[in-house]
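Work through the exercises below with the sequence and the coordinates at hand, attempting each task before reading its solution.

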Amino acid sequence: MNRKNALKGLLCLLVAVLVLSGVMLPQNVLAQETDKISPEQEEYIYINNQSELDSLIAEYTSISSKHGGSIISESRVIFDDNIKNTPMLSPKAFEAQLTEEEIVAASEELLGETTPVTDSKPGLLKATTSKTYKKTDKMPVFGFLYKYTMYAQVTRSSGKVTKVSQWTEQSGLSYPIKLSTTRKWYTLSSSKKNGTAYFRVKKQRYLIPAIPDLAHESYSTQSLKF
């Protein structure tokens, strides 16, 4: 909760206490304080009709496009009482989330570090070995709820890479963020002793609980060195 929301909450509490104590306040006191907080400054907003819903989705679409993504929905979202009573992420808060995600992704804090799995095994030939590497993407804050792990099993013969197998595994919840791999490939260094596995990842962030089909969709390429 930001400072203005906290102050607003304290003011409402104070008014309630004073009213219960029999103290009369001018009717415009709370209204004046509330008016100082514009809808754009709120993290969540409420929608009252179809026109407002269409406008909000249009703003989501514009912001998503600016950040290299898109808004997807199986069909036009129809306004109903369920949506009316559901807090919607404000456009300003939505853009702030996308910006923060870009900063985190750029520093690779979201994906963590490449970790060799300790299952290196000798092959049929003495000079042949196999080692599996992995990289895990966790849901921000609640990482224990969802994990998306990328693997690369690398076979080497006499120190040089001869085979690379790539796959992904998911565990936990796939809401409000769902990841899936659309393409996998790898490149080798000039010495062919090491390289990088790549995963093209589609990310879907579902925006509103009351509208399960409405999501922000974006793509990124994740790398796993071996």
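**Exercise 1.** Classify Arg76 as buried or exposed in this predicted model, and then identify the residue with which Arg76 forms a salt bridge.

*Solution.* Begin with the accessibility: Arg76 has a relative accessible area of 56%, and because the class "exposed" begins over 50%, Arg76 is exposed. Next, look for the partner, which is Asp54, with the closest N and O atoms of the pair 2.5 Å apart. Asp54 belongs to helix α3 (residues 50-66), whereas Arg76 sits in the loop between β2 (70-72) and α4 (81-84), so that the pair ties together parts 22 residues apart in sequence. Finally, compare the classes: Asp54, at 29% relative accessibility, counts as partly exposed, while Arg76 is exposed.

**Exercise 2.** Determine how many salt bridges the structure holds, and describe the one that Glu95 forms.

*Solution.* The count is 2. Glu95 pairs with Lys66, and their closest N and O atoms are 2.6 Å apart. This pair links distant parts of the chain, given that Glu95 lies in helix α5 (residues 91-107) and Lys66 in helix α3, 29 residues apart. As to accessibility, Glu95 is partly exposed at 23%, and Lys66 is exposed at 59%.

**Exercise 3.** Establish which residues have the most contacts inside the largest nonpolar core, and which element supplies the largest share of this core.

*Solution.* The largest nonpolar core has 19 residues, and those with the most contacts inside it are Tyr60, Met88, Phe94, Ile211 and Leu214. At least two residues each come from α3, β3 (88-89), α5, β9 (195-208) and β10 (211-225), with α3 giving the largest share, 5 residues. To see the surroundings of one member, take Met88: leaving out residues up to four places away in sequence, Met88 touches nine-residue company that can be read off the model, including Leu56, Tyr60, Ile208 and Ile211.A second, separate core has 15 residues, among them Tyr146, Met150, Ile177 and Leu224.

**Exercise 4.** Decide whether Thr149 is buried or exposed, and find the residue whose side chain joins that of Thr149 in a polar contact.

*Solution.* Locate Thr149 in strand β6 (residues 146-157). Its relative accessible area is 9%, and because buried means under 20%, Thr149 is buried. The polar contact, at 3.2 Å, is with the side chain of Thr136. Beyond its neighbours within four places in sequence, Thr149 is also in contact with other residues, including Lys134, Trp167 and Glu169.

Conventions. Residues numbered from 1 in each chain as written. Predicted model: local features only at pLDDT ≥ 70, side-chain atom pairs only at ≥ 80, totals over all residues. Heavy atoms only, no water. Helix = DSSP H or I, 4+ residues; strand = E, 2+ residues; numbered from the N terminus. Buried < 20%, exposed > 50% of the residue type's maximum accessible area, 1.4 Å probe, protein only. Polar contact = N/O pair within 3.5 Å; in protein donor to acceptor, adjacent residues only side chain to side chain. Contact = heavy atoms within 4.5 Å. Salt bridge = Lys/Arg side-chain N within 4 Å of Asp/Glu carboxyl O. Core = buried A, V, L, I, M, F, W, Y, C linked by side-chain atoms within 4.5 Å.
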